[in-house]
Amino acid sequence: MNIKIFKISLIVALAGFLFGFDTVVISGADKKLQALWSSSDGFHGIVVMGMALWGTVIGAIFGGIPTNKIGRKNTLIWIGVLYSVSAIGSAFSNDPFTFAFFRFLGGLGVGASTIAAPAYISEIAPAKNRGKLVGLYQFMLVFGILIAFVSNYLLSGIGENDWRWMVGIEAFPALIYAALIFVVPKSPRWLITKNRVDEANDVLATLQTDLTVNEILKDIEDNKHANASEHIFLKKYRFPLLLAFLIAFFNQFSGINAFLYYAPRIFEEAGLGESTALLSSIGIGLTNLIFTFFGVFLIDRLGRRQLMYFGSVGYIISLTLVAMAFFFGWKGMAVPLFLFLFIASHAIGQGAVIWVFISEVFPNHLRGSGQAFGCSTHWILAAIIPSLVPLLFTSIGAAPVFAFFAIMMVLQLLFVIFMMPETKGVSLEDLTKKLAKSRK
């Protein structure tokens, strides 16, 4: 593997670390904030906990605009700024509305990062290593989740304002990331779409890659997609849009974000004490990290579809067991063990595949817009589903919720069997031709 490209990809993938940390760090402050501000389940779920997710939706919907207009690199710099301001502002908030506003800003960073970071990495990566390199984003994401769980556990109980330290400590990695991103070059494929061919040549020379500007230009010309008036909702792009929509749809209807946001609450619901629940959350983060490593390692060997098979079957088994545990009242470590299996299934399947797959199925000049569509689908559902969890748990109970998620994963398995194409080892330009041809 090209070491220079790997180092650049790793720096860009730190956006994923902040994504994971920002998403999960709130779980440690969840019940503390609800008690502090005497919030109802509905207000707490939608405003205090959910506002970051709605920021993520906005970031995902509109993140394609700066990604295309000012470039992948400049967008990533602004993402670092948003994370930093969000962490500091959240830590110093004294009411739920101010807290929700700063969490919303962090959500903007999360949503935009799911577009800009995978797009950037996919555009500098050789086809044979693209899955691994884009997968670094997901690996760093789950590493951020693990560190957030560890951080919450270590900071819990240090004082009545321990929640401020929990959400504020994110500022340190955010500022480091914002500084590091200045050293990465601009995406050569983005430069070419802006007719900045000389700059693209310089970047490709710096990356020490065999790919040349002429090859990229020839592929664009051969695909005949370099029409600036084109948009992603044309009929010929219907199949890539459908693929991006469905993989994002099923990702969230596995219940993954609902679980990550409320892991300690779910463990307490299963009969564990607060300290044990936080400790079990660290186990979840560690399981996530280990199996994401396997997913990233295997994605260019076995392919995207094979990993989705593994994940889908694991989802169905684990979610069914969790639903049964809550239905029959199994206490103790049964629920954590079943949820460890759930996380492992997600990490090696959807977790490893989603951002890679969405970044691959759209043509170069529409990649930002296509990813914005797929990512916004993901985040709209990620905002709605976790926001309803406190209310659903108190109204219908945990068992029906997890049973519903299990049924949705049966549908995901059918999607993988009958619709999902394999994208392993194919150049981005050849994928554009392949997906267009498959729907003629």
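The following dialogue examines side-chain contacts, surface features and backbone angles in a predicted model.

Student: Which conventions apply to this model?
Tutor: Residues are numbered from 1 along each chain as its sequence is written, and side-chain values use heavy atoms, with hydrogens and water left out. Because the model is predicted, local features need pLDDT of at least 70 and side-chain atom pairs count only at pLDDT 80 or more, whereas totals for chains, interfaces and linings use all residues.

Student: Which helix gives the most residues to the nonpolar surface patch?
Tutor: Patches are made of residues with over 30% relative accessible area and no salt bridge, like charges being joined within 9 Å and nonpolar side chains (Val, Leu, Ile, Met, Phe, Trp, Tyr) within 5 Å; areas come from the Shrake-Rupley method with a 1.4 Å probe, and for residues only the protein chains shown count as cover. The nonpolar patch covers about 980 Å², and its members include Trp54, Phe62, Ile384 and Leu388. Two elements give two or more residues to this patch, α3 (51-62) and α20 (367-395), where helices are DSSP runs (H or I, at least four residues; strands are E, at least two) numbered from the N terminus. The most, five residues, comes from α20.

Student: Is Ile46 buried, partly exposed or exposed?
Tutor: Ile46 belongs to the patch and has its place in helix α2 (residues 41-49). Buried means under 20% relative accessible area, exposed over 50%, and partly exposed in between (1.4 Å probe, protein chains only). With a relative accessible area of 44%, Ile46 is therefore partly exposed.

Student: What is the geometry of the aromatic pair of Trp37 and Trp163?
Tutor: Rings of Phe, Tyr and Trp (its six-membered ring) pair if their centres lie within 6.5 Å; planes under 30 degrees apart count as stacked, over 60 as edge-to-face and the rest as tilted. By this rule there are 28 aromatic pairs. For Trp37 and Trp163, the centres are 5.9 Å apart and the planes meet at 70°, so the class is edge-to-face.

Student: How many residues apart are Trp37 and Trp163?
Tutor: Trp37 is buried at a relative accessible area of 18%, and Trp163 is buried at 3%. Trp37 lies in the loop between α1 (3-36) and α2, and Trp163 in helix α8 (residues 162-168), so the pair links distant parts of the chain. The two are 126 residues apart.

Student: What is the angle between the ring planes of Phe249 and Phe250?
Tutor: Both residues belong to one aromatic cluster, whose members also include Phe245, Phe326 and Phe415. Phe250 is buried, with a relative accessible area of 6%. The ring centres of Phe249 and Phe250 are 5.3 Å apart, and the pair is edge-to-face because the planes stand at 80°.

Student: How many residues separate Arg103 and Asp22?
Tutor: A salt bridge is a side-chain nitrogen of Lys or Arg within 4 Å of a carboxyl oxygen of Asp or Glu, and the structure holds nine. In the bridge between Arg103 and Asp22, the closest N and O atoms are 3.4 Å apart. Arg103 is buried at 2% relative accessibility, as is Asp22 at 2%. Arg103 in helix α6 (residues 96-124) and Asp22 in helix α1 are 81 residues apart.

Student: Which helices are linked by the salt bridge of Glu123 and Arg367?
Tutor: The side chains of Glu123 and Arg367 meet at 3.0 Å, N to O, and both residues are buried. They stand 244 residues apart in the chain. The helices are α6 for Glu123 and α20 for Arg367.

Student: Which residues are joined into one salt-bridge network?
Tutor: Asp300 and Arg304 form a salt bridge with closest N and O atoms 3.0 Å apart, and both are buried. Salt bridges that share partners extend the network to five names: Arg130, Lys132, Asp300, Arg304 and Glu360.

Student: Where does Asn195 lie?
Tutor: Most residues other than glycine have a negative phi. Asn195 is not a glycine, yet its phi is positive, about 60°. At 68% relative accessibility, Asn195 is exposed. Its place is in the loop between α10 (188-193) and α11 (197-207).
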